[in-house]
Amino acid sequence: MNGTPEKFNKNILCVDASTGRLLWGDMPPQSPSLGTRPIVAAGKVYVVAYDQLRVYDAETGKLLGVDMTIRNGGNEPNALYNGKLIFFDRDIKARKKTLTAIQVE
């Protein structure tokens with residue numbers, strides 16, 4: 001859309017804080033995730049995007065799994081507390097959100 005090759009379009013980024021160097025990045029296909037807050041825990045990165053939960057290896061950026069049953073605005077608050085990833089899972093048809101917590105490894 002903007003003329004940039006697709007391989008350079010990323011909105012989930014892992015950056016070395018001491019050097020500013022990009023380590024890895026990803027763009028969920030057909031799923032907004034620009035406003036999401038990635039959560040790092042136990043060597044993994046958890047990204048609650050618009051219509052999925054994505055899990056990456058924190059070091060390599062390798063995609064470990066995708067749960068397509070999760071629905072979220074992609075810009076709603078999420079948190080890590082006591083070993084649990086906490087976020088809102090929304091049901092668009094019922095027009096409600098459920099506060100959800102999952103144990104991270």
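Analyst: Strands here are DSSP runs of E, at least two residues long, numbered from the N terminus. The model is predicted. With that term in hand, Arg95 can be placed in the loop between β8 and β9 (96-103).

User: What is the phi of Arg95 near?

Analyst: Phi of Arg95 is near 60°, a positive value in a residue other than glycine. For accessibility, the cut-off to keep in mind is that exposed means over 50% relative accessible area. Arg95 reaches 77%, so Arg95 counts as exposed.

User: Which loop holds Asn82, and is Asn82 buried or exposed?

Analyst: Asn82 sits in the loop between β7 (79-81) and β8 (84-91). Asn82 is exposed, because its relative accessible area is 65%. Its phi is positive, about 55°, although Asn82 is not a glycine.

User: Next, pairing. In which sense do β1 and strand β2 pair, and over how many bridges?

Analyst: Strands count as paired when DSSP finds at least two bridges between them. Here β1 and β2 (residues 22-26) pair in the antiparallel sense over four bridges. One position to check in the viewer is Val15, which stands opposite Leu22 in β2.

User: How many residues lie between β1 and β2 in the hairpin?

Analyst: Six residues lie between the two strands of the hairpin. Gly20, in the turn, has a positive phi of about 80°.

User: Which residues of strand β1 are on the covered face and which on the uncovered one?

Analyst: β1 spans residues 12-15, with Ile12 and Cys14 on the covered face. Leu13 and Val15 make up the uncovered face. These two residues also join Leu22 in a nonpolar patch on the surface, and the three together have about 270 Å² of accessible area.

User: Now charges. How many salt bridges does a search of the whole structure find?

Analyst: A salt bridge needs a side-chain nitrogen of Lys or Arg within 4 Å of a carboxyl oxygen of Asp or Glu. The search of the whole structure finds one. The side chains of Arg54 and Asp26 meet in a salt bridge at 2.9 Å, N to O. Arg54 lies in strand β5 (residues 52-57) and Asp26 in strand β2, so the pair ties together parts that are 28 residues apart in sequence.

User: Are Arg54 and Asp26 buried or exposed?

Analyst: Both are buried. For Asp26 the relative accessible area is 17%, and the cut-off for buried is under 20%. The side chain of Asp26 also makes a polar contact, at 2.9 Å, with the side chain of Arg54.

User: Leaving aside its neighbours within four places in sequence, which residues is Asp26 in contact with?

Analyst: With those neighbours left aside, the contacts of Asp26 are Lys10, Asn11, Ile12, Arg54 and Tyr56. For a distance across the chain, the C-alpha atoms of Asp26 and Asn72 are separated by 18 Å, with the two residues 46 apart along the chain.

User: One more case. Where does Val55 lie, and which residues is Val55 in contact with beyond its neighbours within four places in sequence?

Analyst: Val55 belongs to strand β5. Beyond those neighbours, Val55 touches Lys44, Val45, Tyr46, Lys62, Leu63, Leu64 and Gly65. Val55 is buried, because its relative accessible area is 15%. The C-alpha atoms of Val55 and Ala42, residues 13 apart along the chain, are separated by 11 Å.

How values were computed: Residues are numbered from 1 along each chain as its sequence is written. This is a predicted model: local features need pLDDT of at least 70, side-chain atom pairs count only at pLDDT 80 or more; totals for chains, interfaces and linings use all residues. Side-chain values use heavy atoms; hydrogens and water are left out. Buried means under 20% relative accessible area, exposed over 50%, partly exposed in between (1.4 Å probe, protein chains only). Patches are made of residues with over 30% relative accessible area and no salt bridge: like charges are joined within 9 Å, nonpolar side chains (Val, Leu, Ile, Met, Phe, Trp, Tyr) within 5 Å. Accessible areas come from the Shrake-Rupley method with a 1.4 Å probe; for residues, only the protein chains shown count as cover. Contact means heavy atoms within 4.5 Å. A polar contact is a pair of N or O atoms within 3.5 Å; within protein, one must be able to donate a hydrogen and the other to accept it, and residues adjacent in sequence count only if both atoms are side-chain atoms.
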